[in-house]
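This briefing covers selected local features of one protein chain. The sequence and the model are shown first, and the notes follow by topic.

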Amino acid sequence: MDSLKLLAHPIRLRIVHAMGGGRLLTTAQLCARIPEASKATVYRHIDLLVSGGILEVAEEHRVRGAVERHYRLRQDRAVIGAEVVRALTPEDHRQAFATAMTALLAEFNAYLDRGKADPVADQVGYRQHALWLSPAELAELISELRAAIVPRLANSPGPERAQYLLSPIHFPVEAPQ
C-alpha cells in the first residue's frame, strides 16, 4: 500500500501524529491515545503502518509472557511525495482533505474530553485569515512557515513540552482578478 493510502485514514493519521518527535509507543499507549477506536482497530492500523514501512518496531520486551513492542515513526516514509500529489484527482483531494479534517476534529475532541483541558492556558487557536497573495507571496509565506516549523519537528518529548497539532491549511477562495 502506498503512503497516500496508508496516511489517508483518520486513525492511521492520528497514530502518526502520536508518534511524532521520536517517541517510542506501545500499542496499549496508542489505544489510550485513541480511546474511541477499539483495540482491534488500533492493532490493525498499526500492522498496516508497519507493513507499509511508516512504523517500525524499535524495541521488544517480554511482559507477563507476551511480547510488548515499542514502535517508532519513520518520518522519511510518513510523507506523500510531490509527484503523488500532482497525480491526484479533485476527488482524491476532497477525500484527503476530509480525512485530515476528520483526524483534526477527533484530536480536538479528545483534547476537550480530557478532564483538565484549558484552551486559554494551552493557547489553543483556530483562527482563519483571508489573505490576498500573489503566487510569489504565497511561496514566500510557505517558505517562512517551513523555516519556523521544520526545526521544531525534531523536538523530543520533555517535562516542559506538550505535543501540539499544528495544521496550516491554505487554498484560494477565489480566482485572481
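**Nonpolar core**

The largest nonpolar core has 20 residues, and the members that touch the most others are Ile15, Met19, Leu30, Ile54 and Leu55. Two or more core residues come from each of helix H1 (3–7), helix H2 (10–19), helix H3 (27–33), helix H4 (39–51) and strand S3 (66–73). H2 gives the largest share, 5 residues. The model is predicted.

**Helix H2 and Ile15**

- H2 has 8 of its 10 residues buried, so the helix is largely enclosed by the rest of the structure.
- The buried residues of H2 are Ile11, Arg12, Leu13, Arg14, Ile15, Val16, Ala18 and Met19.
- Leaving aside residues up to four places away in sequence, Ile15 is in contact with Leu30, Ile34, Val42, His45, Ile46, Leu49 and Leu55.
- Of these contacts of Ile15, Leu30 and Leu55 are also named among the core members that touch the most others.
- Gly21, just after H2, has a positive phi of about 75°.

**Glu107 in helix H6**

- Glu107 lies in helix H6, which spans residues 90–113.
- Is Glu107 buried or exposed? Its relative accessibility is 12%, and because buried means under 20%, Glu107 counts as buried.
- A polar contact joins the side chains of Glu107 and Arg14 at 3.3 Å.
- Arg14 is itself one of the buried residues of H2.
- Beyond residues up to four places away in sequence, Glu107 touches Arg14, His17, Arg33 and Leu165.

**Aromatic pairs**

- The structure contains 3 aromatic pairs.
- One of them is the tilted pair of Phe108 and Tyr111, with 6.0 Å from centre to centre and 35° between the planes.
- Phe108 and Tyr111 are both in helix H6, where they sit 3 residues apart, about one turn of the helix.
- Phe108 is partly exposed at 29% relative accessibility, whereas Tyr111 is buried at 11%.
- Phe108 also pairs with Tyr126: the ring centres are 5.9 Å apart and the planes are at 80°, so this pair is edge-to-face.
- The pair of Phe108 and Tyr126 links distant parts of the chain, 18 residues apart, with Phe108 in helix H6 and Tyr126 in the loop between H6 and helix H7 (135–149).
- Tyr126 has a relative accessible area of 67% and is exposed.
- Together, Phe108, Tyr111 and Tyr126 make up one aromatic cluster.

**Asp2 in the N-terminal segment**

- Where is Asp2 placed? Asp2 is in the segment before H1.
- With a relative accessible area of 42%, Asp2 is partly exposed.
- The side chain of Asp2 reaches the backbone nitrogen of Lys5 at 2.7 Å.
- Lys5 falls within the span of helix H1 (3–7).
- Asp2 and Gly52 are 50 residues apart along the chain, yet 7.2 Å separates their C-alpha atoms.

Key. Residues are numbered from 1 along each chain as its sequence is written. This is a predicted model: local features need pLDDT of at least 70, side-chain atom pairs count only at pLDDT 80 or more; totals for chains, interfaces and linings use all residues. Side-chain values use heavy atoms; hydrogens and water are left out. A nonpolar core is a set of buried Ala, Val, Leu, Ile, Met, Phe, Trp, Tyr and Cys residues joined through side-chain atoms within 4.5 Å. Buried means under 20% relative accessible area, exposed over 50%, partly exposed in between (1.4 Å probe, protein chains only). Helices (H or I, at least four residues) and strands (E, at least two) are DSSP runs, numbered from the N terminus. Contact means heavy atoms within 4.5 Å. A polar contact is a pair of N or O atoms within 3.5 Å; within protein, one must be able to donate a hydrogen and the other to accept it, and residues adjacent in sequence count only if both atoms are side-chain atoms. Rings of Phe, Tyr and Trp (its six-membered ring) pair if their centres lie within 6.5 Å; planes under 30 degrees apart count as stacked, over 60 as edge-to-face and the rest as tilted.
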